[in-house]
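Work through the two exercises below with the sequence and the 3D structure at hand. Each task is followed by a solution that goes step by step.

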Amino acid sequence: MKRVRELSKKPWFLGILVTIFVVVILWNIPIEKRKYGLSQNSLVTDYTGLLPERVEKVVKAKNRNELQKIVKQANKNGEKISVAGLQHSQGGHTYYKDGVVLDMRTFNKILEIDELHKTIRVEAGATWEDVQEAVLPHGLALKVTQSQSVFTIGGSLSVNVHGRDIRFGPMAETVKEMTLLTPTGEIKKVTRDDSEEWMKYVFGGYGLFGVILDVTLDLTENDIYTIHTEKLKTDEYESYFKNLSGDRKTAMHYARVSVAPSSFLDEMYVINYNYTGGQDRKTLLKGEQGVQLSKLALDLGRQGGALEDIFWKTQKRYIRSINGKKITRNNAMRSESTFMEYTKPGRVEVLQEFFVPVYSYEEYINDLKHLLKANDKNDDFKVHNITVRYAAKDNFTTLNYAKEDMFGFVILIQHGLKEEEIANATAMIQKWTRLTMEHGGTYYLPYYRYQTKEQFKESYPKWEKFQEEKLRRDPNEVFQNLFYDYYVK
Amino acid sequence: MNRKSEWYIPLVVTVGQVVIFPYYIIWLKQVSLTFTLFAWFFAAFSFAAAWGYRIFQTKQNKNASYIAFIYAGMGCVYILTSCIKNSFESLPYVVLLLQVILGLLQGYFRAWHSMQKTYHLHAVHHYLIVGFMMIVFSFVKVISPVVFITIFGLLLCICGFWDLIRNKEAG
């Protein structure tokens with residue numbers, strides 16, 4: 001005891017204590033969350049903070065009747081309405097100049113779970129996390145959802161997302177029934193075989209065909225999977241995937257392509273979730289893990305050059321380390337997202353997704369090598385990440401991105417916010433889109449509109465039908481947003 | 001009390017530290033993302049102050065205190081604080097470092113001050129002066145705490161410079 005007391009009198013003892021404490025704090029400093037969306041004081045934005053716009057007001061309605069009243073009044077008074085959830089879309093889909101924004105986050109109740117028929121009825125403002133928490137004790141899981149669970153149901157359906165499950169198509173296919181507040185203010189129950197075909201326009205309709213109030217979704221078992229990872233050359237992937245989809249051992253699958261200078265678009269990793277036959281009711285939903293480390297590694301990669309090579313090596317080591325591990329379906333559908341936060345003033349990170357037919361993959365990757373620089377360390381336009389997911393053919397929705405079985409390339413891009421930097425990024429992404437279209441592909445619409453209107457019209461040949469139906473179902477054009485303004489009007 | 005600097009500067013620094021405290025707190029709260037982090041920043045400051053105090057206590061030659069540099073160091077931290085205009089991603093890490101440096105310097109200064117003959121007299125005076133100053137400041141509309149933090153930072157640097165000059169003259 002005396003020795004401890006003596007020790008504590010030494011200045012270095014307190015120095016060590018301070019150092020330890022500082023390290024603990026450093027480790028626990030939360031990753032900064034951007035201020036975006038409806039929380040801004042004067043101008044509304046969405047996730048990227050691009051396209052700031054003034055809106056008339058943001059309304060948090062208490063119930064459906066109040067929503068209905070707002071829509072009817074807007075039809076009478078010529079007001080414009082937009083619908084917002086968590087605003088992860090990046091092209092101004094959730095607001096309109098001087099319009100009214102319906103903040104749907106309060107409509108987040110789980111209304112009914114039918115364990116026998118494996119369905120859930122849930123309000124559109126609930127998040128996928130809410131749904132996962134509700135279905136977990138029943139041993140159930142979603143059929144299709146995004147890789148993260150931070151989005152609202154209404155938002156995901158409005159952009160008709162696809163997931164990682166290679167057995168199912170886009171999310172729209174898993175909706176059995178929907179309650180819709182139509183643009184003219186009627187509340188309707190809509191089913192898949194509804195003669196008015198509302199679902200065809202509402203899903204992937206980007207909030208232009210009324211307000212989704214609730215939906216009944218198909219569920220499946222909360223299966224236990226074994227994670228299988230494998231390193232491939234990009235030219236091996238096409239045949240690898242054909243075999244994978246043929247042998248039916250795998251439920252979910254995605255791949256990560258190298259953007260590091262030394263293996264740029266040459267190397268890739270596949271991550272498969274293979275059936276074990278087991279199902280789970282007990283495993284809790286996992287929280288965000290290793291956020292600080294992942295953020296540190298990603299920030300390292302963001303520096304480009306040799307550091308991006310180190311980042312890719314780190315990713316490979318991590319992916320190898322999860323090979324053979326078991327995971328439940330629910331947990332496989334909730335990847336970490338906080339580590340991707342990027343808040344450097346004067347710069348922005350955006351997503352783009354390009355779809356190319358499965359059979360065009362190899363040629364597309366080869367052409368991409370000519371378009372993009374392997375080492376973008378000294379460039380303003382930087383590609384930080386490419387993941388590949390399978391998107392099955394969608395015959396259902398009008399603005400369908402998968403006209404046949406496609407691979408979706410999800411791209412994380414960083415560029416500056418000066419006028420010339422945005423112009424450079426726009427030119428680059430337009431070239432990329434052109435290349436994608438030459439390979440029979442399309443691009444995804446929830447992101448910032450770098451593309452030209454001509455590229456939109458060519459990628460989505462049914463846009464005229466979409467416009468026609470919009471004007472027929474919403475004759476006063478009450479439901480508006482910046483996406484509609486730019487592309488469709 | 002042969003030298004005026006020996007009499008006035010520690011008093012100015014002690015009073016200033018207490019007066020600037022509310023403004024510094026406002027700034028610190030603004031840059032802390034959460035209350036937990038705010039509290040941790042304070043804890044880091046406090047531990048570092050204990051460390052600084054102990055460093056001076058165990059110092060062999062207490063006459064070579066380098067106190068002028070301590071004033072200037074504290075001044076630089078305050079000026080640096082006021083130079084941070086925008087919130088940026090690594091700001092909490094920078095703030096943590098500043099808190100530790102400030103705590104270390106303040107602890108060292110306090111230990112040095114407590115060894116001075118004027119310490120007990122200063123204790124009474126500083127309470128009185130702070131009381132009056134805070135009443136005066138209550139009528140001043142705060143545009144931004146950063147303005148006061150900058151002024152105090154500059155004042156500390158001047159104190160450091162003055163003390164250094166006086167020491168050289170005396171030496």
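Helices here are DSSP runs of H or I with at least four residues, and strands are runs of E with at least two, both numbered from the N terminus. The model is a predicted one.

**Exercise 1.** Determine how many helices and strands chain B has, and compare its radius of gyration with the globule rule.

*Solution.* Step one is to count the elements: chain B contains six helices and zero strands, so that, by the DSSP runs defined above, its order from the N terminus reads α-α-α-α-α-α. Step two concerns compactness: because the radius of gyration of chain B is 16 Å, close to the 16 Å that the globule rule gives for 171 residues, chain B is as compact as a globular protein of that length. Step three adds the extents, since the C-alpha trace of chain B spans about 45 × 40 × 25 Å along its principal axes. Step four turns to the interior: 36% of the 171 residues of chain B count as buried, and, among contacts between residues at least 6 apart in sequence, 92% join residues at least 24 apart.

**Exercise 2.** Describe how domain 1 and domain 2 of chain A meet, beginning with their bounds.

*Solution.* First, the domain assignment places domain 1 of chain A at 104–221 and domain 2 at 223–452, and their C-alpha centres lie 25 Å apart. Next, 29 residues of domain 1 of chain A are in contact with 31 residues of domain 2. On the side of domain 1 that touches domain 2, the elements giving two or more residues are helix H4 (128–135), strand E6 (140–142) and helix H6 (198–202) of chain A. Finally, sorting that side of domain 1 by class yields twelve nonpolar, ten polar and seven charged residues.

Definitions and conventions. Residues are numbered from 1 along each chain as its sequence is written. Chains are lettered from A and ligands numbered from 1 in the order in which they are written. This is a predicted model: local features need pLDDT of at least 70, side-chain atom pairs count only at pLDDT 80 or more; totals for chains, interfaces and linings use all residues. Domain bounds come from an automatic or database domain assignment. Two residues are in contact if their C-beta atoms, placed from the backbone, lie within 7 Å. Ala, Val, Leu, Ile, Met, Phe, Trp, Tyr, Cys and Pro count as nonpolar, Asp, Glu, Lys and Arg as charged, and the others, Gly among them, as polar. The radius of gyration is taken over C-alpha atoms; the globule rule is 2.2 Å times the number of residues to the power 0.38. A residue is buried if 20 or more other C-beta atoms lie within 10 Å of its own, exposed if 12 or fewer, and partly exposed in between; C-beta atoms are placed from the backbone.
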